[in-house]
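Please look through the sequence and the structure shown here, and then work through the questions and answers that follow.

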Amino acid sequence: MTYFHGTDGAAATATERELPDLSRDEIQRYSRHLILPDVALDGQRRLKAARVLLVGAGGLGSPLGLYLAAAGIGTIGLVDFDVVDLTNLQRQLLHGTKDVGRPKLDSARDRIADVNPHVHVESYETRLTSANALEILEPYDVVIDGTDNFATRYLVNDACVLLGKPNVYGSIFRFEGQASLFADANGPCYRCLFREPPPAGLVPSCAEGGVLGVLPGLVGTIQATEAIKRILGIGETLVGRLLLVDALTMRFRTVNVRRNPACPACGTRALRELIDYDAFCGVAAHPNVDGHGTNGGNGRQEVPEIGPRELARRLSSADESIDLIDVREPHEWHIARIPGARLVPLGNLDQALTTIDAGRDTIVYCRSGARSAKAVRTLKAAGHKRVWNLAGGVLRWSDEVDPTVAKY
Ligand SMILES: [Zn+2]
């Protein structure tokens with residue numbers, strides 16, 4: 001990589017890297033940029049010189065990958081270890097129906113090559129961890145957080161703080177989203193705002209709580225806009241501001257965020273190294289059945305489990321001692337359920353305690369096993385001793401016992 005130095009002898013920054021020339025094809029392709037005075041030829045060459053890392057090739061990563069490629073970002077790094085699932089296609093436009101079952105990195109690479117063959121894609125088929133994050137992030141100018149879980153979000157933040165890389169943040173849930181630009185230009189970082197993660201299981205993931213399919217399109221496009229502005233050095237970025245998007249009311253608000261001198265990442269007692277973010281976020285060390293390895297974990301407290309096959313055996317032997325309780329929401333019950341269960345949504349469990357006979361074996365389930373783990377804790381706290389969580393919930397039941405029970 002070629003750098004040149006200013007006349008004052010100071011080391012050049014990445015944005016001062018020697019800018020590459022554009023081919024005839026590229027000049028034609030980017031003509032709507034080239035006639036924009038704020039971009040123009042130098043700006044387009046800056047985009048071509050830029051190296052941007054996308055952590056996650058999912059909901060946010062889709063519009064990010066497509067727009068950054070179309071805009072002519074020269075090198076896009078992609079970190080993902082997931083496989084395309086039918087449930088992804090409602091929002092993850094990098095992947096198509098024909099890609100179901102393929103690694104997301106493969107379909108993302110094909111799609112990006114089709115959008116713009118001038119883009120160089122570097123892929124990392126791995127989960128971002130404390131052991132590999134610094135090495136993966138180091139060669140990039142801008143890091144974009146398109147993750148769906150707290151452990152990776154804190155890891156990306158802390159790695160960006162340690163390396164001095166701008167972190168283009170975005171997150172989504174149901175109908176709401178957030179975006180900001182962290183760890184840049186003396187602005188705050190994610191942990192100035194959210195010092196510590198919420199208790200494990202308190203905030204459901206999109207897999208548990210749902211998300212409007214277009215929302216990651218909206219928020220990811222905002223992130224792409226911020227990344228491009230940052231690379232071009234134009235406009236006013238979201239440094240020091242948190243953008244809040246509410247798709248239902250279609251209201252956008254920004255709140256000012258100051259750098260916190262006592263921030264555990266970028267403050268006076270600054271971070272020296274990465275930590276174990278799964279432990280920090282109270283996540284079980286193994287990835288959960290959603291494949292996200294996320295905040296749906298069971299936390300530190302022991303929750304007794306029963307496997308789907310064992311439950312099926314007991315149900316088929318007409319075992320009268322079992323009280324099978326589904327703790328999901330009524331609309332989920334209508335999508336799929338395990339025969340013989342009764343519905344007690346988690347939020348109503350406290351009021352329903354009197355209907356649960358402590359003398360019987362109570363088995364609770366939800367979609368993936370995270371909410372029902374909470375139900376087990378609630379029941380145990382209420383004095384119930386014979387309580388088990390159905391491991392993997394409806395998803396594993398469908399895989400291992402009855403595929404006619406729909407996965408969603
Ligand atoms: Zn901070």
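Q: Which residues of helix α16 (residues 393-400) are buried?
A: In this predicted model, a residue is called buried when its relative accessible area is under 20%. By that cut-off, the buried residues of helix α16 are G393, V394, L395, W397 and S398.

Q: What do the buried residues of α16 pack against?
A: Helix α16 has buried residues that include L395 and W397, and their partners can be found by looking for neighbouring elements in contact. The buried residues of α16 pack against α12 (308-316), β12 (361-365) and β13 (387-390).

Q: Why is strand β2 (residues 75-79) largely enclosed by the rest of the structure?
A: In a regular strand the side chains alternate between the two faces of the sheet. On one side of β2, T75, G77 and V79 are buried, and on the other side I76 and L78 are buried, so that both faces are covered. Strand β2 is largely enclosed because the number of its residues that are buried is five of the five.

Q: Through which helix does the chain cross from β1 to β2?
A: Strand β1 (residues 51-55) pairs with β2 in the parallel sense over five bridges, and L54 stands opposite L78 in β2. The β-α-β crossover that leads from β1 to β2 is right-handed, and the helix it passes through is α4 (residues 61-71).

Q: Which residue in β3 is the bridge partner of V79?
A: Strand β2 also pairs with β3 (residues 120-124), in the parallel sense and over five bridges. Within this pairing, the bridge partner of V79 is Y124.

Key
Residues numbered from 1 in each chain as written. Predicted model: local features only at pLDDT ≥ 70, side-chain atom pairs only at ≥ 80, totals over all residues. Heavy atoms only, no water. Buried < 20%, exposed > 50% of the residue type's maximum accessible area, 1.4 Å probe, protein only. Helix = DSSP H or I, 4+ residues; strand = E, 2+ residues; numbered from the N terminus. Pairing = 2+ DSSP bridges. Right-handed = clockwise from strand over helix to strand, strands pointing away. Contact = heavy atoms within 4.5 Å.
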